[in-house]
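Open the model in a viewer and switch to a cartoon view. The tour goes from one sheet to another, with selections to make along the way.

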Amino acid sequence: MTMKPCALALLAAFALGGCAAQKPAQPQAAAVPAAQTSQKTDLLQRELAYGVYELVENPQNHAIYVATAQSFKEVQGGVIYKLDPKTLNTLGESHTDLKNFGAAQDAEGKTLFVTNSLDGGISAIDTANGKVKGRLLFSERNEKGFPYGAREILWLDGLLYVGGVGDPAVIWVVDADTLKLKARIKNAGKWVTGLHFSPTTNRLYAANGGGEILVINPRTNRIEKRWKPLGEKEALLLNMAEDPATGRLFVTDNSKAKTTLVLDIRTGHLIKQLDTGDSLAVKFNAKRNELYLTQRESGKLLSLDATTYALKQSWDLKPNPNSLLVSADGQTLYVTVKQPFNKDHSTKGLDRIVRISL
């Protein structure tokens with residue numbers, strides 16, 4: 001895949017054995033019941049920067065860290081913003097020499113890990129002082145000589161799992177302390193787009209652009225199962241979220257199938273296909289039993305009842321709502337809202353951060 005800046009930026013937006021014994025029949029799409037579109041009054045918005053992508057909440061001070069790539073035109077590097085979780089005011093800035101897309105952190109929140117997608121690498125940033133304390137650039141190149149884009153990053157028990165956007169794709173396994181490459185999970189299909197770890201099954205799940213969900217044993221780094229929930233129907237699966245209590249895995253597709261899939265996380269069986277339209281980011285909120293979805297094309301943010309899938313609320317966040325973050329207490333939702341790209345890879349304005357009190 002050609003690693004042009006606009007293509008990689010879109011893929012980074014938010015935000016990664018044998019086949020299943022039997023491929024379930026494809027059920028008909030289940031429509032999301034209609035509801036009145038509404039706007040809550042306790043919604044705070046702020047124009048922040050160009051090239052805003054993923055965000056995380058620090059477990060110690062609850063500050064919001066935002067990975068940004070800044071402009072793709074005549075701007076070198078990016079910025080990590082530290083924001084007040086209540087006011088969205090800037091508490092700190094870290095200017096980096098590479099552009100930042102995906103974001104994750106260790107359990108204590110002492111280190112922020114970001115993907116530098118255009119350069120095919122990752123960086124570690126000390127949250128105490130904002131300094132880049134380590135970096136790893138991967139060696140994989142596509143047929144045109146561009147680096148595999150490092151898209152999603154996931155921290156798990158001292159290891160980092162990083163999805164590589166290439167064909168064939170790869171998942172890099174990295175020591176989080178030393179940033180030394182420990183292993184490569186190969187044969188990961190076309191473009192690893194989403195990553196999720198399930199405490200229910202103790203398995204890592206990777207979504208890819210070939211419509212597959214890979215089930216990986218993190219102890220052996222082996223792909224144990226490959227699910228294709230939509231069969232031979234064209235799909236580009238993106239982001240995932242889990243309801244541990246019911247063992248449901250939610251998977252989005254905003255470009256090919258344009259739907260949200262509900263899978264049995266143990267078997268891969270397609271429980272339901274939600275008629276949500278283009279669905280990009282997805283988060284499950286156990287505290288409120290709600291499912292949140294961004295719709296990049298329609299400019300909507302949806303809140304669904306996670307049991308009935310009924311639409312509870314809809315926010316108009318044009319032009320392009322992107323990544324999501326649910327606060328640790330489940331009472332606040334953060335959304336990044338992006339501007340469209342121009343032909344020269346610049347954007348029409350600053351991207352926004354939205355804070356919603358649920």
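Two strands count as paired if DSSP finds at least two bridges between them. Strands are DSSP runs of E with at least two residues, and helices are runs of H or I with at least four; both are numbered from the N terminus. This is a predicted model, in which local features need pLDDT of at least 70 and side-chain atom pairs count only at pLDDT 80 or more, while totals for chains, interfaces and linings use all residues. Residues are numbered from 1 along each chain as its sequence is written, and side-chain values use heavy atoms, leaving out hydrogens and water.

**Stop 1: β12 to β15**

Select β12 (149-156) and β15 (181-185). Why does one side of each lack a neighbour in the sheet? Both stand at the edges with a single partner strand each, so one side of each is left free of a neighbour. The open sheet has four strands, ordered β12-β13-β14-β15, and its pairing is antiparallel. From one strand to the next, the twist averages 20° (axes are lines fitted to C-alpha atoms, for helices over the stretch in contact; angles run from 0 to 180 degrees between N-to-C directions).

Next, add β13 (residues 159-165), which pairs with β12 in the antiparallel sense over six bridges. Within β13, L159 stands opposite L156.

**Stop 2: β24 to β27**

Now move to the open sheet of four strands in the order β24-β25-β26-β27, again antiparallel in its pairing. β24 (282-285) and β27 (311-316) are the edge strands; each has a single partner, so one side of each has no neighbour in the sheet. Here the twist averages 15° from one strand to the next.

Select β25 (residues 290-295), which runs antiparallel to β24 and is joined to β24 by four bridges. Finish on F284, whose bridge partner in β25 is L291.
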